[in-house]
Amino acid sequence: MLARVRVPPQPPSPGGPVSRTSGTTPDSRTALRVCPLCEATCGLTLTIEGTRVTGARGDRDDVFSKGFICPKGASFGAADGDPDRLRTPLVREDGELREATWEEAFDAVAAGLRPVVERYGPHALGVVLGNPNVHTMAGALYPAVLLGALRTHSVFSASTLDQMPKHVSSGLLYGDANAIPVPDLDHTDHLLLIGANPLESNGSLCTAPDFPGRLRALRARGGTLTVIDPRRTRTAKLADRHVSIRPGTDAMLLAAMAYVLFEEKLVDVGALAPHVQGVDELPDVLRDFTPEAASAACDVEAGTIRELARELAAAPTAAVYGRIGSCTVPHGTLASWLVDVLNILTGNLDRPGGALFPTAATDRTPRPAGPGHGFALGRWHSRVSRHPEAKGELPLAALAEEIDTPTEDGSPVRAVIAVAANPVLSAPDGLRLDKALESLDFMVSVDPYLNETSRHAHVVLPPPPPSRSAHHDFAFNTLAVRNQVRYNRPAVPLEEGRMAETEILARLVLAATGMHGADPSAVDTMVVESTLAKTVGDTASPVHGRDPRELAAALTGENGPERRLDMMLRLGPYGDGFGARPDGLTLDRLLAHPHGIDLGPLASCLPRRLKTRSGKIELLPEPIAADLPRLRDALRERPAAIVLVGRRHLRSNNSWMHNVPALTGGSNRCTLHVHPDDAARLGLADGSAVRVKGAGGEVTAPVEVTDTVRRGVVSLPHGWGHDRPGTRMSHASLDPGVNVNQLLDGSLLDPLSGTAVLNGVPVELMACP
């Protein structure tokens, strides 16, 4: 069993989580808040005057971030107080959106959604979940309840524009799509990054405040950092070795490294041996991926590929970590799978210094090792192109055709619920999706802005700014490089006429499922009752056989969301088990530690974490084996003359931040990076305009000539294109940039995960007169 961490009851630190601080005005106070603006989850100390956040600095006593802050966190107050944030609901009347009361808004939601479901069935109602959902407490607690009640197959999310390949590969390997190992950054001797730029992104699927500092510490203690990326990013500049790979060929290079491990007898799974099956089958399926064959495809010397494999095997401890650059490519699931294959073949999975599975405080109680239910793909398919579902979702790239294309096999999507989603900018072919959304019978958006997507809604429900919301990182703690737990109550009370995001989503559940008018607290009560009723019947649970009503009565918290958090903490791996473990974690104990509770370093947890049908790591699952011939064929494909990749900026997070003046301008601009040799060949000058044409359309952008991209590669950032009418994003519209995803027609997908191919896409460049 997992070692328990004793959580002694302590009073809050002097002044508590909210206090007055020297150096502030008499009306100033400070409050603690974990930053929700990226995946690093840094602790902040906010300065508040009245009800306005006037400053933010790093919380030096935060148990995880220890004072680190990035430009986004420093601009928390500007983002929080953006005057373009909607403050009241909007309801469409006679074709125009007008301000409305909350009662009018939810009446309209119920009147608009239920007739669609009753006439056409549940799958005619689409649900689109955007990236910001994982950054809010409400976004973690309520969408699953909504989807469970609706039973619609028409579910789309930002995952199929980002990390779905990692979920699929983890599901196939470990039986659990959310069992994602992360590199043990603070202890590894050798870190290989592929398609990742954490100095700009702050990390992704690897929650690590001060990722840059952790990489510098790795090198300072004598470790090695290798970066594989077609761009010489800030992260690549920090590395001991930068390998400039041809975009889209990540899986071929990783397969060739695995080939070398077998060829040179460097495979040593170590302590994993009793828990893994399929090692002996790999040499045969990888036989064609020699370094020489991969070299021509990847444009990386065969000798370099062999050195990468040897260094990985020779390191005392090592971890391979791949991110969005290796996910949003034609073989994203295979690349994600091969990342873990390399960690397994070198014995670095599930050991300190390698890649480990975090244990979050709200995880389920650890179960005894043994076979599980496994993971399945393609339980249903999209209506038009027959894309298989993955993790309960269809490709977001297919949303437009699911709306605008009639077929004999079921009704098109006639209504959409969009929660914190802006797919018009984030998904391929936004122009087509624009028209498709305009044709819907009904659409409701939960969004603080009237943006490129929510402008189509019949009802817009605006959540309050983050300072007025409670915060706990349910998702990111399952990906953190150190086990810890933190919780903040709202730093600023809700203004009159505003509604908490948790209540908005609870009311949305009721309105969409035929229970409009019921008390929104009923949603939380239902979840608590059903969870406890199931848990007391589980022989592995610490509350097996107890009375669920007694347990529910013991929960603390000021509202339903806090009671649910308390329940999850008590039932979790560090919890008190409702009194069964007196020193365990509860909400009250967490509130007594305003800077968080450190739960210790990551630790080995196999085979207990495995949920495959065999109870072992299934190293060569059938869907992977079936897709490898496609990768083998790609070895012989002729590369395009010019291919496109995306890029991130430290002051940006997709399309969120472009309305905050402090986070735009300078180097955060929507320019096309072009190598000097390509610029000279095509007659492009720095600052000149260039037309970029792809399968989905064309855009015109200013040229930025730079040798940070390799020859034959151009780079355009994601999330821009704020030039559509009907939005209310005044600053973003001043420098709208162009929508890179308009270059895509949505036809290029990783077939296993349904993830859109956003990197390594062929384009044509034409100088503008």
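What follows is a short chat about the fold and packing of this predicted model.

Tutor: Local features here need pLDDT of at least 70, side-chain atom pairs count only at pLDDT 80 or more, and totals for chains, interfaces and linings use all residues. Residues are numbered from 1 along each chain as its sequence is written, and side-chain values use heavy atoms, with hydrogens and water left out.

Student: Why does the radius of gyration agree with a compact globule?

Tutor: The rule is 2.2 Å times the number of residues to the power 0.38, over C-alpha atoms. For 769 residues that puts a compact globule near 27 Å, and the protein has 25 Å, so the two agree. Along the principal axes, the C-alpha atoms fill a box of roughly 65 × 65 × 60 Å.

Student: What share of the residues is called buried?

Tutor: Buried means under 20% relative accessible area (1.4 Å probe, protein chains only), and 62% of the 769 residues make that cut.

Student: What makes the largest nonpolar core a core?

Tutor: A core is a set of buried Ala, Val, Leu, Ile, Met, Phe, Trp, Tyr and Cys residues joined through side-chain atoms within 4.5 Å. This one has 67 residues, and Leu253, Met257, Leu282, Trp337 and Ile617 touch the most other members. Helix H10 (250-263) is among the elements giving two or more residues, and H10 gives the most, with 12.

Student: Which residues does Leu253 contact, beyond its neighbours within four places in sequence?

Tutor: Contact means heavy atoms within 4.5 Å; by that test Leu253 meets Ile228, Ile245, Cys298, Val300, Ile305 and Leu308.

Terms used. Buried means under 20% relative accessible area, exposed over 50%, partly exposed in between (1.4 Å probe, protein chains only). Helices (H or I, at least four residues) and strands (E, at least two) are DSSP runs, numbered from the N terminus.
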